[in-house]
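Hi,

Here is the structure I promised to pass on. Have a look at it first, and then read on for what turned up in it.

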4 protein chains.
Amino acid sequence: MPKKGMEAIRQQQLIEATLQVIHDQGLQATTLGRVGQRAGISPGLVSHYFGDKGHLLAATYLYLVRSLEQEYRKARHGTAAGLPRVRAIIDANFAASQSDEVTVSSWLSFYAQVNHVPALARIQRVVTRRLGSNLTHALSTLMPRDHALHVAEGLGVMIDGLWLRASLRTGGLDVDAARAMAHDYLDSQLQMLTGDRYDQSA
Amino acid sequence: MPKKGMEAIRQQQLIEATLQVIHDQGLQATTLGRVGQRAGISPGLVSHYFGDKGHLLAATYLYLVRSLEQEYRKARHGTAAGLPRVRAIIDANFAASQSDEVTVSSWLSFYAQVNHVPALARIQRVVTRRLGSNLTHALSTLMPRDHALHVAEGLGVMIDGLWLRASLRTGGLDVDAARAMAHDYLDSQLQMLTGDRYDQSA
Amino acid sequence: MPKKGMEAIRQQQLIEATLQVIHDQGLQATTLGRVGQRAGISPGLVSHYFGDKGHLLAATYLYLVRSLEQEYRKARHGTAAGLPRVRAIIDANFAASQSDEVTVSSWLSFYAQVNHVPALARIQRVVTRRLGSNLTHALSTLMPRDHALHVAEGLGVMIDGLWLRASLRTGGLDVDAARAMAHDYLDSQLQMLTGDRYDQSA
Amino acid sequence: MPKKGMEAIRQQQLIEATLQVIHDQGLQATTLGRVGQRAGISPGLVSHYFGDKGHLLAATYLYLVRSLEQEYRKARHGTAAGLPRVRAIIDANFAASQSDEVTVSSWLSFYAQVNHVPALARIQRVVTRRLGSNLTHALSTLMPRDHALHVAEGLGVMIDGLWLRASLRTGGLDVDAARAMAHDYLDSQLQMLTGDRYDQSA
DNA sequence: TATGAATGAGGATTCATTCAT
DNA sequence: AATGAATGAATCCTCATTCAT
């Protein structure tokens, strides 16, 4: 049971320690003891601050998600509508905060748990929709809505695939290559549209 | 004399039970006890047939991988070289044996463990390369080798992304939609090539 | 439960396999499975022939004891009474059948269990007394009975100590040295007697 | 804050409980559960304090060995060089701390494991050498070095044999008798030496 | 007689969680 | 607020033993 005077500092410490441990040992081997050790505090205190392992993991996942949403927000606000904003949203997925090793591999670990832990599923649903609606909205200025939906979905899938590959240490896919591939996908979709229009106009 | 050949039968039974349990409860909650229960045998027998949990899991993952390779083989052998074969390889990833719920979610569970379990990493490396080389080879008849490599990589990423989304029960992506999206990606890449050539020839 | 048609051959095989396994892995790690494997028969058959692990171990210990008694018998029957017979009894303890590695280390393993397994205790009691009475009897022709008892006990202790040291692989005590030391002890005791007599006669 | 310094206290408690259990049930039946029960703590805590069973047993053996070495030290320091010190070293082996039932039977249990557990072998090697060198050193003032070595070895064997017999509950050898026998052995060896000299001088 | 499949109990170990200090 | 001692449940694994064939 989270106590009233509970400090945000401790929570943040513990979330970061959790991410580190997940990255180092995998979610399976992430025990409260190891998290506490990593954070430099006693094992009992971990339970104390989060009440429960489930709550710690959910909070950690939420932290990842919020961090991604933060990047989306920056992308939306700092760019002109239309293509620049679409590209900014793509780039947001590969921002420094999103592409460090720890984040990427933790994200995958959680993903594998989403189907089995309702608390994580709730969080997950939000983030998937958010990326979709961000992209759809930005693309809508460039093409009809149904096209926008289609391209947004394709881009979302592509980005997930890229994250997945990047998370494999043997994957040999670095961040820059991944980002380029996502933009490349967008290019091809845009060209297809142009081609279509050209065909139609012909 | 007891029934002969029990070993192979039991191993297959246990692998299938393992997949079921992973699908139902997640890899974290996959205990030898639950696997045994699912297979209708005593917990001790699970260890007996696989030596230990690690070997059971590795054997299960290998089973998934082999099954996918089997689909690739069918795709290669049953089609004419060129575009039909490329499409067949794409389809192989979405064949019935690959797209049932159990397979898809088990695959994701293993994926999350690959970085932390060397035995799984070894298996994983093979399957990633295999898809890449199958696609590259098939695409090579249609375009220059460097293009083929690029498109093959993009397709691989796309397919991984599609599997990932499909594995989320909330993903709302069904098999047919996923396959269509992969072919769509191929289309757009082919058209881009044509466009390039057109541009160059202009 | 030993079956009626049970073959002595199997029992002998199993006892020898048991001794080997004890020597190789220690009594702690001596499982029926390993014994069966060593004997080249199925694990179930081990239980079948001895009913019970306890019975197998008791039979094995008894085998060791009988083998030693056999040596004593040879020593008694093949020598003239008096000093030669005493020396022969000493030598019996270091006969080839008693001093091979397997016998020595198995003997120690059982010794450690004697206090905790009544079936072994019964067997043990016999063998200790037997050595004592053999020696006492043989020594009685050389000295008064109370002296004989004393020397016999000292020799028995010496022999046990020698076996103990020899059983340690790091002990650096080989059979010949051990035997020599036992005879040396006898010599010193005999000389002490002589000295006593000399003193008394002085 | 919880009680500090619990670790050392618990470790000592557990070592003593281990000795008790070994004495009562034998090393084979010495489980962490029983040790914990004897110490009045939960089974999990035993592993917690010693990491694993092997370390607990090694620590327990080391405790026995250290206790014996402590007696040797007292013997060396509290006596004049020469014969008194030799006798003191002999007595050290039969001091109260060394001759209680629990110590004696635990010692035998470990002895039987020494050949199969490297961690115990390392400890064992030390203690055997220590007794030998202590005795040899003390005897060197009384006789030539090669004689001293010989007598020391004989005494060591004798002491081991006496411990072995004493450890058997049916052995009927009490501590005082055992000590007397060791001194008796020394006497006979000394007399032999004198006799030799006498013979030579004659 | 022999096999080896199968069981189920038992043991070591890990871990989330609680609690006295 | 913080510690880390303590618990007890859960899990993996081994093994003696049984039993159908």
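Before the symmetry, a word on how chains are compared: copies are superposed by least squares on the C-alpha atoms of residues with pLDDT of at least 70 in both. Please keep in mind that this is a predicted model.

**How the copies are related**

With that in hand, chain D can be placed on chain C by a turn of 180 degrees with a shift of 0.0 Å along the axis, giving an RMSD of 0.2 Å. This is the relation of a two-fold axis. Both copies use the same surface, as 100% of the contact residues of chain D recur in chain C. If you want to find the axis on your screen, go to Gly161(D): among the residues of chain D, its C-alpha comes closest to the rotation axis, at 1.7 Å.

Chains A and B can be treated in a similar way. A turn of 180 degrees and a shift of 0.0 Å along the axis lay chain B on chain A with an RMSD of 0.1 Å. In chain B, the C-alpha nearest that axis belongs to Gly161(B), 1.8 Å away. Here too the same surface serves both copies, with 97% of the contact residues of chain B recurring in chain A.

**Where chain B meets chain A**

The contact involves 34 residues of chain B and 33 residues of chain A. Which helices of chain B supply at least two residues each to the side that touches chain A? They are H7 (101-113), H8 (118-139), H9 (145-167) and H10 (175-201). H9(B) gives the largest share, 8 residues. By residue type, the side of chain B that touches chain A has 14 nonpolar, 16 polar and 4 charged residues.

Some pairs do not meet. Chain A and chain D have no contact, and their closest C-alpha atoms lie 11 Å apart. Chain B and chain D do not touch either, with 20 Å between their nearest C-alpha atoms.

**Inside chain A**

The domain assignment splits chain A into domain 1 (1-51) and domain 2 (64-201). Their centres, taken over C-alpha atoms, are 30 Å apart. The contact between them takes 6 residues from domain 1 of chain A and 6 residues from domain 2 of chain A. On the domain 1 side, those residues divide into 3 nonpolar, 3 polar and no charged.

Helix H1 of chain A is worth a look as well. It covers residues 8-25, 18 in total, and reaches 25 Å from first C-alpha to last, close to the 26 Å expected at 1.5 Å a residue. Its buried residues are Leu14(A), Ile15(A), Ala17(A), Thr18(A), Leu19(A), Val21(A), Ile22(A) and His23(A). What covers the buried residues of H1(A) includes helices H2 (32-39), H3 (43-50), H4 (53-77) and H7 (101-114) of chain A. Just after H1(A), Gly26(A) takes a positive phi of about 90 degrees.

**How confident the model is**

Chain A averages a pLDDT of 89, and 92% of its residues score at least 70. For residues 197-202 of chain A, pLDDT stays under 50, and the model has 0 contacts there beyond four places in sequence.

Happy browsing, and do write back with any questions!

Technical notes:
Residues are numbered from 1 along each chain as its sequence is written. Chains are lettered from A and ligands numbered from 1 in the order in which they are written. This is a predicted model: local features need pLDDT of at least 70, side-chain atom pairs count only at pLDDT 80 or more; totals for chains, interfaces and linings use all residues. pLDDT is the predictor's confidence in each residue, from 0 to 100. Two residues are in contact if their C-beta atoms, placed from the backbone, lie within 7 Å. Domain bounds come from an automatic or database domain assignment. Ala, Val, Leu, Ile, Met, Phe, Trp, Tyr, Cys and Pro count as nonpolar, Asp, Glu, Lys and Arg as charged, and the others, Gly among them, as polar. Helices (H or I, at least four residues) and strands (E, at least two) are DSSP runs, numbered from the N terminus. The expected span of a helix is 1.5 Å times one less than its number of residues. A residue is buried if 20 or more other C-beta atoms lie within 10 Å of its own, exposed if 12 or fewer, and partly exposed in between; C-beta atoms are placed from the backbone.
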